[in-house]
Amino acid sequence: RVCNYPPPKDNGQPCGGNSDESRSCFDNPCPVDGFWSAWGSWSACSKTCGHGQKERRRTCQQPLNGGRPCPGEPTDRTYCCQGPCSGQRLEVVSTTELTVGHRLVATTTKCG
């Protein structure tokens, strides 16, 4: 506000109070959903020969102001094969079935 209508004169006092005033009009911050970092590198295989597992991790940036949590898991694991151990023959590690369209598809992972 401006104290110029009318301006003080004849030794009159200036207007009282501050010339400006502010207050927050945004009292409820918007929710921010959690989000994942990029996946880290795969770990080394858990075995030096035969079937093992390896994993990679990611970090969730936590939600703010009531936002939704990160969907999914922070750790991803997969099988790895380091070749047969002495005197060992390696067989099927895993079989995964999934539906693609209306068709059931099976994939088999072999080691060695």
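Is Glu55 buried, partly exposed or exposed in this structure? In the model, which is predicted, Glu55 has a relative accessible area of 22% and is therefore partly exposed, since the buried class ends under 20%. Two salt bridges involving this residue were found, one of them with Arg57, where the closest N and O atoms are 2.9 Å apart, and another with Arg77, where the N to O distance is 3.2 Å. The pair of Arg77 and Glu55 links distant parts of the chain, Arg77 being placed in strand S4 and Glu55 in strand S2, which covers residues 51-57, with their positions 22 residues apart in sequence. Through shared partners, the salt bridges join Glu55, Arg57 and Arg77 into one network.

Thr75 is found beside members of this group, since its contacts, leaving aside residues up to four places away in sequence, are Trp39, Glu55, Arg56 and Arg57. The residue belongs to strand S4, which comprises residues 75-81, and its side chain makes a polar contact of 3.0 Å with the side chain of Arg57. With a relative accessible area of 16%, Thr75 is buried, because that class takes in values under 20%.

The count of salt bridges in the model comes to four, and among them is the pair of Asp33 and Arg68, whose closest N and O atoms lie 2.8 Å apart. Asp33 lies in the segment before S1 and Arg68 in the loop between strand S3 (60-61) and S4, so this pair ties together parts of the chain that are 35 residues apart in sequence. The two partners differ in accessibility class: Asp33 is partly exposed at 32% relative accessibility, whereas Arg68, with a relative accessible area of 58%, is exposed. Apart from residues up to four places away in sequence, Asp33 touches Pro63, Gly67 and Arg68. A further relation across the sequence is given by the C-alpha atoms of Asp33 and Gln62, which are separated by 7.6 Å although the residues are 29 apart along the chain.

Covalent links were examined next. A disulfide is a covalent bond between the sulfur atoms of two cysteines. Two disulfides were found in a search of the whole structure, and one of them is formed by Cys45 and Cys80, with sulfur atoms 2.0 Å apart. The torsion about the S-S bond of Cys45 and Cys80 is about 85°, so this disulfide is right-handed. The link spans distant parts of the chain, from Cys45 in the loop between S1 and S2 to Cys80 in strand S4, 35 residues apart, and both cysteines are buried.

A disulfide is also formed by Cys60 and Cys70, their sulfur atoms being 2.0 Å apart, and with 85° about the S-S bond this link is right-handed. Cys60 is placed in strand S3 and Cys70 in the loop between S3 and S4, 10 residues apart. At 12% relative accessibility, Cys70 counts as buried, because the limit for that class is under 20%.

The aromatic side chains were considered last. The structure holds zero aromatic pairs, but charged side chains are placed over tryptophan rings, as in the case of Arg58, whose charged end sits over the ring of Trp36 at 4.0 Å from its centre. Lys54 lies over the face of Trp42, at 5.6 Å from the ring centre.

Technical notes: Residues numbered from 1 in each chain as written. Predicted model: local features only at pLDDT ≥ 70, side-chain atom pairs only at ≥ 80, totals over all residues. Heavy atoms only, no water. Helix = DSSP H or I, 4+ residues; strand = E, 2+ residues; numbered from the N terminus. Buried < 20%, exposed > 50% of the residue type's maximum accessible area, 1.4 Å probe, protein only. Polar contact = N/O pair within 3.5 Å; in protein donor to acceptor, adjacent residues only side chain to side chain. Contact = heavy atoms within 4.5 Å. Salt bridge = Lys/Arg side-chain N within 4 Å of Asp/Glu carboxyl O. Phe/Tyr/Trp six-rings, centres within 6.5 Å; stacked < 30°, edge-to-face > 60°. Lys NZ or Arg CZ within 6 Å of the ring centre and 35° of its normal. Disulfide = S-S within 2.5 Å.
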